Number of protein chains: 8
Amino acid sequence: MIETEISRAITAEYNRKLTEHLENDVVIVGAGPAGLTAGYYLSKAGYKTALLERKLSTGGGIWGGAAGYNVVVTQDKDIPDEFGMTSKKHKGLYIFDSIEFAAALAFKAKKAGLEIFNLTEAEDVIIKTDSIEGVVVNHSTITIAKLHVDPFCISAKYVIDATGHPAEVVKMLLKRKPKLFPKGIQESFMDVVTAEAGVVDKTGEIFPGLYVAGMSVCAVFGLPRMGPIFGGMLKSGKKVAGQIDGKLRSSNS
Amino acid sequence: MIETEISRAITAEYNRKLTEHLENDVVIVGAGPAGLTAGYYLSKAGYKTALLERKLSTGGGIWGGAAGYNVVVTQDKDIPDEFGMTSKKHKGLYIFDSIEFAAALAFKAKKAGLEIFNLTEAEDVIIKTDSIEGVVVNHSTITIAKLHVDPFCISAKYVIDATGHPAEVVKMLLKRKPKLFPKGIQESFMDVVTAEAGVVDKTGEIFPGLYVAGMSVCAVFGLPRMGPIFGGMLKSGKKVAGQIDGKLRSSNS
Amino acid sequence: MIETEISRAITAEYNRKLTEHLENDVVIVGAGPAGLTAGYYLSKAGYKTALLERKLSTGGGIWGGAAGYNVVVTQDKDIPDEFGMTSKKHKGLYIFDSIEFAAALAFKAKKAGLEIFNLTEAEDVIIKTDSIEGVVVNHSTITIAKLHVDPFCISAKYVIDATGHPAEVVKMLLKRKPKLFPKGIQESFMDVVTAEAGVVDKTGEIFPGLYVAGMSVCAVFGLPRMGPIFGGMLKSGKKVAGQIDGKLRSSNS
Amino acid sequence: MIETEISRAITAEYNRKLTEHLENDVVIVGAGPAGLTAGYYLSKAGYKTALLERKLSTGGGIWGGAAGYNVVVTQDKDIPDEFGMTSKKHKGLYIFDSIEFAAALAFKAKKAGLEIFNLTEAEDVIIKTDSIEGVVVNHSTITIAKLHVDPFCISAKYVIDATGHPAEVVKMLLKRKPKLFPKGIQESFMDVVTAEAGVVDKTGEIFPGLYVAGMSVCAVFGLPRMGPIFGGMLKSGKKVAGQIDGKLRSSNS
Amino acid sequence: MIETEISRAITAEYNRKLTEHLENDVVIVGAGPAGLTAGYYLSKAGYKTALLERKLSTGGGIWGGAAGYNVVVTQDKDIPDEFGMTSKKHKGLYIFDSIEFAAALAFKAKKAGLEIFNLTEAEDVIIKTDSIEGVVVNHSTITIAKLHVDPFCISAKYVIDATGHPAEVVKMLLKRKPKLFPKGIQESFMDVVTAEAGVVDKTGEIFPGLYVAGMSVCAVFGLPRMGPIFGGMLKSGKKVAGQIDGKLRSSNS
Amino acid sequence: MIETEISRAITAEYNRKLTEHLENDVVIVGAGPAGLTAGYYLSKAGYKTALLERKLSTGGGIWGGAAGYNVVVTQDKDIPDEFGMTSKKHKGLYIFDSIEFAAALAFKAKKAGLEIFNLTEAEDVIIKTDSIEGVVVNHSTITIAKLHVDPFCISAKYVIDATGHPAEVVKMLLKRKPKLFPKGIQESFMDVVTAEAGVVDKTGEIFPGLYVAGMSVCAVFGLPRMGPIFGGMLKSGKKVAGQIDGKLRSSNS
Amino acid sequence: MIETEISRAITAEYNRKLTEHLENDVVIVGAGPAGLTAGYYLSKAGYKTALLERKLSTGGGIWGGAAGYNVVVTQDKDIPDEFGMTSKKHKGLYIFDSIEFAAALAFKAKKAGLEIFNLTEAEDVIIKTDSIEGVVVNHSTITIAKLHVDPFCISAKYVIDATGHPAEVVKMLLKRKPKLFPKGIQESFMDVVTAEAGVVDKTGEIFPGLYVAGMSVCAVFGLPRMGPIFGGMLKSGKKVAGQIDGKLRSSNS
Amino acid sequence: MIETEISRAITAEYNRKLTEHLENDVVIVGAGPAGLTAGYYLSKAGYKTALLERKLSTGGGIWGGAAGYNVVVTQDKDIPDEFGMTSKKHKGLYIFDSIEFAAALAFKAKKAGLEIFNLTEAEDVIIKTDSIEGVVVNHSTITIAKLHVDPFCISAKYVIDATGHPAEVVKMLLKRKPKLFPKGIQESFMDVVTAEAGVVDKTGEIFPGLYVAGMSVCAVFGLPRMGPIFGGMLKSGKKVAGQIDGKLRSSNS
């Protein structure tokens, strides 16, 4: 029966993807602009990379633009150009349709080979001897249904917290190692110029094996928040990919 | 202050899009596979087309594949190839990553010029003398917040109900003109082969100015339902674009 | 890392079970007393049988006994004896601890080889030429999360509706074929004696390929409802297993 | 079509208002009695003033009077007279219909030129070099719908926290600068006489660019709470308008 | 203690209003544009009129304009001028700030002497011998709290259903006297021109003692719906006031 | 340990009450004014009577008086006098504190020997040969928790539906025997005089073994509804007790 | 019309009660066993006493006995005898039907003259110069409906916190005067003997004008909790009445 | 009538079980793998043991395997063999069907004589002189329904906290005796090897009379968490049974 054949094709392919990514070079948590950009560059560089996203759709906070006005802004357009996004110039800013922006990120990241697991969330990290070795995951529908069901585990040489404002992976560390973050985790008042520069500047490793990219950088370092301007997110995603690429190259050589 | 400049850029661009699309050649309701495909071909053909989508993200039921196994299937790959989707062959079927599939549809439709209004829903149609002349719309956040706030209106020469299983635009007709659909609106039992053929075959105009495409075709004509197989959706979307193209050409000539 | 090895062992085993049961001799919907008993006898007879249960745990309405007093009752003890349940005699009735009763059914059915898919629900049936050929399924957490995600399909030579009072599989038929059940589907007033006899007597095939067992028999035939007395449920489950066994034997011979 | 013409008139006018008020002399947060009174006097004095209100309707806690008995009280009637409200005398108190009271404030403030953005909430403030420069805003329906959507920004020379008991704008400061409010923010026990005098007395600037008026004064300074007596609210609103008027005059001269 | 003196002033005044309006010339249900306008003209003419409104604030659907763009439209400005509303002309339409529009209606109706009971809902009508003699009311907070508490009653010579789209008072009739409305109660497709004229034309008595005004006219007579255009609402409210004035004059003379 | 001794005393006493009332002369459903009055007179006459009440507290709609004004009214005071209630005279009416009224009914009914099972609801009736023989009951907390747990049964020679407006026991009949109530079940418009007389007049047996008393009489016979006037309820409760007393006497003699 | 006459009788009587009790000798918060007993003895002694209860019904935690087994226990029966409650002896304990127990307390307290305001809650206390002078109250339906509506005030020479486990009135003090309760407010582990003695022993004034009685005594003094044994509650209620009686006598003499 | 006879059989049997277990040798809280294993061994050794479980079904987190893949894993199979569970070997691990695993634990524990009270929760412990003497319990449906109803008490010589991650019984101690757990209660990062060994090693008495077993051991001692691997749970349950057996033997001798 063709209906079961279709089911077989789908479950087999999903099982292949899941099994293949029980072990990874890099696991990215969060499919917003920073996560997808990092995933694009890491996959393009040939690393086995899995991106976990709690929701059905990728794109995070991009889709709604500002307050539902579906337009987003950047100050540069190098990375948008690489993703094939249509831009308009407006007094030193570049403006984009937010739906095209979100779709382009996912489309190009997938074409570069990134494996994205949607409806899947990181609920903890694996640390045995003071270095992150993987992520504890569950399907987010289990969480939504408030069921008492155990998670499973996937390994990673490096983990990127690209969960945005809440910096969720960092908070898993913070819960058991509060001394690592004596001032807590919180963004400062909005200031686009400082934030756009700072988020890229501070992107990097904050604990052995754990990198932050995008808005979680602002949360961890107390940098200002910004609004619907996404250039820093893309640059942070590209930078973290480069940093991990360097680490993996040196460890492989 | 750059923050207000960004806000100005965004609200001005959104206002331009909204104002421009108060009048349209075609309004499509629903950003699932049929709606996005129709929007792609109509925009490519140069028609002023607006697509209304209630949710933040486009893609409808594609993202989750089957039961959350994020893979979808088609029987042909001509349209997927046009959208640049990566396919694998599996015993006469083509399989796709559901995330890439959803992203490709939105990305290419946007590049073709389609204007998509997300967080926007059709709450009624405009009929003055027995032909649809437009759509009554509201922001879906108003509805979610259960606020008592009036809608606004956008005009269209043709409206496509691409809302899937619920056939929401058709139901607005049904509510006041139940005799048009004496058997009601409901899909039949699952049968992929019959459904894939029938959904394309029956795509078309069901009331002056109102076309159905995708799963709403099955609902209106009592055709079988299908599962995570999307070839018929794409073909139905392409077909309805062609039908309306023919109408608009003849009325313009 | 042992954590990923454990994850690999689990996902591989689940995938094996799921793949194996995309095609079945029998699919039972509902893991209450009738469904588990039917599953026990069918598996013991060597048929490839899958049981779908929406909840995490099996046992249906058994666990709570009557109004939370965790005791259940039967009038005979032949089948309970086969399942190894401890009984006490009370004036012509046999009484059991409801927790032991529920656990025994699941334990023995599993030992007999029944494959049970919990957190999995039937959302429709597959009918192509007026005979049920399979079931359309989804993970129930998708439904709880109110996500728009397509189902998948599993085939079956025979389907048993053991969903109890709501007769859910029968209602999927009723929705499109209301003439099959001109009086609708509803149990009558409580009457233990009539119900215990009737539920066994009327157990059987009600549409090509679809059998009813347990309380869904009462709903379909308008028999009286009963309370926390489970003998008829077990007998109905055993009877339907015998009926299908007969059909499968004759079609195989 | 007249329907789209109406839509065009509305969206164009709203866009004009929104664009005009991306930059402001004063932004008031909260359309209760203090906020509306401040807005009335500032607008009358010719300042470009925007008032943000989360709900659909203005008036805050006025409408329900006391426990739903729709009557409110003041000790003086100078400001009520200016707003055209009907009063009755009762043993040294003036009593008003709460609905008329709420409507009069909004009506006269609008006639004076105040721009009110309802369904719009302040979610943060903009501080770059230790002085408030504007407000981060979003549509409150986005928040109600729990959507992940970025805000936009509007600038202001001065911001007034007229959010009442919760002192919401002050709390945005408090979150990152807890040392500014070493005792926290909380009103004291009810005491009408002390509160009515104190709320006016303490109205003023509490951080460069940020003024408090109305009940948020009580919260910030630990003054007593009061009940359905609104004279102090009106006087506080008038006083803060005068204070900012003085500042703006001196900076303009 | 001044606190109890304030409480005494408020509860005494509310009790006076409530007691006075246990008997009325006219009871209006719903404080939207039609109800407030009717209330204004009836009170101005000297009739003892009570308006019941379920919510805290009056104004119904006016506040949010269209989809939250807080602007409303009329085709004439005679009644708005009488209410002192600020209008702008736009191609044959008059546009108003929705907040000023809502506030003006309530303010002027109150000044004219209308008694408004907010947080109060009509849950039934009193009919003894085929003519409406009053309204059964309860506080809407009782309903929201889902408490089982009896209502009380107020009498009226005439009742106006100004509840808008749902035509709630008419539905109380419909429930027990379905033959009065053989086609049911439902508006037709949007058509501003037809609706604006029809809603005024059909305003009137539909059952002895029961008048409809505003959108409930459209619901009862199956007229088209309209959007954020409010001229017809105001005219309908004025017309119904005139009709009842005529009746009361003739019965008094 | 005294704590377990207390637990033993409580559970033993409850078990005694429950066991004793598995068989009854009369079961009353609903502890409002009619049910408690009926229970008082039946218990006083020496019949074994159980009253089932879904909520924790008895008293039904009495506690809140009218719209939360905690006062109730009767036209006579004979029965209130028997219950020891304090009354005041007001123009031909007697007024009572609603709390005293509710407490007196429960207190005196208990003193007369009525057994009340609170948190217990009737979910069905037992009918074997066209006469009610008992009630199917469950603890209402099971229902609130939405658990799938079977009920238990208690027998009764006569059952009284004293569930008020919803006439819940009658509706269990109606569901399976709609022809018994061709016009459905619904009260008419409010009319105190007609209702007070009618509710007493029509109190009686409506199906072999099933009596209606109180507001369920109005629902079944389409009589007018009334408000916070409770004289008819008390008289109806007394009358139904007398009717059943007559039946039981004649069957016992 | 009799319906409005009934409404007039009810609202007038309620207004009389409310007005009369804007000033009180004693205000009791909470209508559980301690509050009702205190109210009974204070009213019997002739003091003007108001009892505020958030719910519709009085009785607090009595109705459900233990875990829904509707039986309660005391060690003495002097006070129960005074209230006319039926007791049974069980090994040194007295057992009561919980429904009769709850009803008797309310009935006798009302007969003694206590004024009970149900659906009314204390939301704060009035303290001007370090002594409680009254209570800030609101209707609890306002709170349930989450409406922003101001409270009103009633005065009292003495206030009794009889709110049970949460000690709600004490917590209003604690919020602004945490130093009064350096160890916080929390009961200790269950121990019936110690608790029954301690709750009576510690009943008394804990702040000028504020008394605690019943379980709030345990919370304030960290005494053990107890279960469904109510003798201490009754004695505590009687004791606090005596203490305040002493104070009022001395201040009056 | 057989229906009441069945009800009598059930309530009598439940009352017997409840009464018998008001006093116990051991009370176990939580019917997950550790609790059921401990209950099995203690019952087999002849101790009077009651297990309290809040939910309807036993098995805790076992049913769902990992993320809904219904398979669980152990490293040894001695205890599974004793329970009759079917295992498969996979690279040094044993894998089991999670449904069979859950059912086997409950079935064998019941056969060994364990009394399980489902829908029953521990809400506190009884401590009089610094040693646990029993447990305060309530039916969990009371809690779900948010009713204010007192609990009852059962005694125990020893109590086992087998509530898993939340360590609920320990937290009752922690609330009043925070100094016992100066570092709080929280598991560490996942590490299967360390956790599996540690959970068994640390199983034991942590306060006079209170033992921890299973995941609550990890929470109390800050051991790593683990995933769907259950060998340590079973061993911990067996160990705690042995420890208490030793204590009870020595105290009995």
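Is Asp81(F) buried, partly exposed or exposed? Keep that in mind while you load the model, which is a predicted one.

**Stop 1: chain F, two salt bridges**

Select Asp81(F) and Lys77(F). Their side chains meet in a salt bridge, with 2.8 Å from N to O. Now the opening question. Asp81(F) is partly exposed, because its relative accessible area is 39%. Its partner Lys77(F) also counts as partly exposed, at 28% relative accessibility.

Stay in chain F and select Arg54(F) and Glu121(F). These two form a salt bridge, and the closest N and O atoms are 2.7 Å apart. Colour by element to see what the pair joins. Arg54(F) sits in the loop between strand E2 (49–53) and strand E3 (71–74) of chain F, while Glu121(F) belongs to strand E7 (residues 120–127) of chain F, so the bridge ties together parts that are 67 residues apart in sequence. Show the surface next. Arg54(F) is partly exposed, at 37% relative accessibility. Glu121(F) is buried, with a relative accessible area of 8%.

**Stop 2: chain G, a bridge within a helix**

Select Arg249(G) and Asp245(G). Here the side chains meet in a salt bridge of 3.0 Å, N to O. How far apart are the two residues in helix H9 of chain G? They are four residues apart in H9 (residues 231–252), which means a separation of about one helical turn. Check the surface again. Arg249(G) counts as exposed, at 53% relative accessibility. Asp245(G) is buried, with a relative accessible area of 14%.

Before moving on, show every salt bridge. Over all chains, the structure holds 177 of them.

**Stop 3: chain E, one side of a helix**

Select helix H6 (residues 168–176) of chain E. Its buried residues are Val169(E), Val170(E), Met172(E), Leu173(E) and Arg176(E). Why do they lie on the same side of H6(E)? They cover an arc of only 150° around the axis, and therefore share one side of the helix.

Now add what those buried residues pack against. Take the strands of chain E: E1 (23–29), E7 (120–127), E9 (152–161), E10 (204–207) and E11 (210–212). Then add helix H8 (215–221) of chain E, which the buried residues of H6(E) also pack against.

**Stop 4: chain A against chain B**

Show chains A and B together. The contact takes 53 residues from chain A and 53 residues from chain B. The area buried between the two chains is about 4,500 Å², and carbon and sulfur atoms give 70% of that. Which residues of chain A lose the most area to chain B? Select Ile10(A), Trp63(A) and Phe107(A): these lose the most, together 14% of what that side buries.

Turn to the charged pairs. The interface of chain A and chain B has 10 salt bridges. For an example, pick Lys111(B) and Glu100(A), whose closest N and O atoms are 3.6 Å apart in a salt bridge. Then select Glu13(A), Arg16(A), Glu20(A) and Lys88(B), which are linked in a network of salt bridges.

Widen the view to polar contacts. Between chain A and chain B, 22 residue pairs are in polar contact. Colour the side of chain A that touches chain B by element. The elements that each supply at least two residues include helix H1 (2–20), helix H4 (98–111) and helix H7 (192–201) of chain A. Strands E3 (71–74), E4 (88–90), E5 (93–97) and E6 (115–117) of chain A do so as well. The largest share, 11 residues, comes from H1(A). By class, this side of chain A has 28 nonpolar, 11 polar and 14 charged residues.

**Stop 5: chain H against chain C**

Finish with chains H and C. In this pair, 53 residues of chain H are in contact with 53 residues of chain C. About 4,500 Å² is buried between them, with 70% given by carbon and sulfur atoms. In chain H, select Ile10(H), Trp63(H) and Phe107(H), which lose the most area to chain C.

How many salt bridges are counted between chain H and chain C? The count is 10. One to display joins the side chains of Lys88(H) and Glu13(C), at 3.2 Å from N to O. Across the interface of chain H and chain C there are also 22 residue pairs in polar contact. Last, select H1(H): it gives the largest share of the side of chain H that touches chain C, 11 residues.

Definitions and conventions
Residues are numbered from 1 along each chain as its sequence is written. Chains are lettered from A and ligands numbered from 1 in the order in which they are written. This is a predicted model: local features need pLDDT of at least 70, side-chain atom pairs count only at pLDDT 80 or more; totals for chains, interfaces and linings use all residues. Side-chain values use heavy atoms; hydrogens and water are left out. Buried means under 20% relative accessible area, exposed over 50%, partly exposed in between (1.4 Å probe, protein chains only). The arc is that of the directions from the helix axis to the C-beta atoms. Contact means heavy atoms within 4.5 Å. Buried area is the accessible area (1.4 Å probe) that two parts lose on being put together, summed over both. A salt bridge is a side-chain nitrogen of Lys or Arg within 4 Å of a carboxyl oxygen of Asp or Glu. A polar contact is a pair of N or O atoms within 3.5 Å; within protein, one must be able to donate a hydrogen and the other to accept it, and residues adjacent in sequence count only if both atoms are side-chain atoms. Ala, Val, Leu, Ile, Met, Phe, Trp, Tyr, Cys and Pro count as nonpolar, Asp, Glu, Lys and Arg as charged, and the others, Gly among them, as polar.
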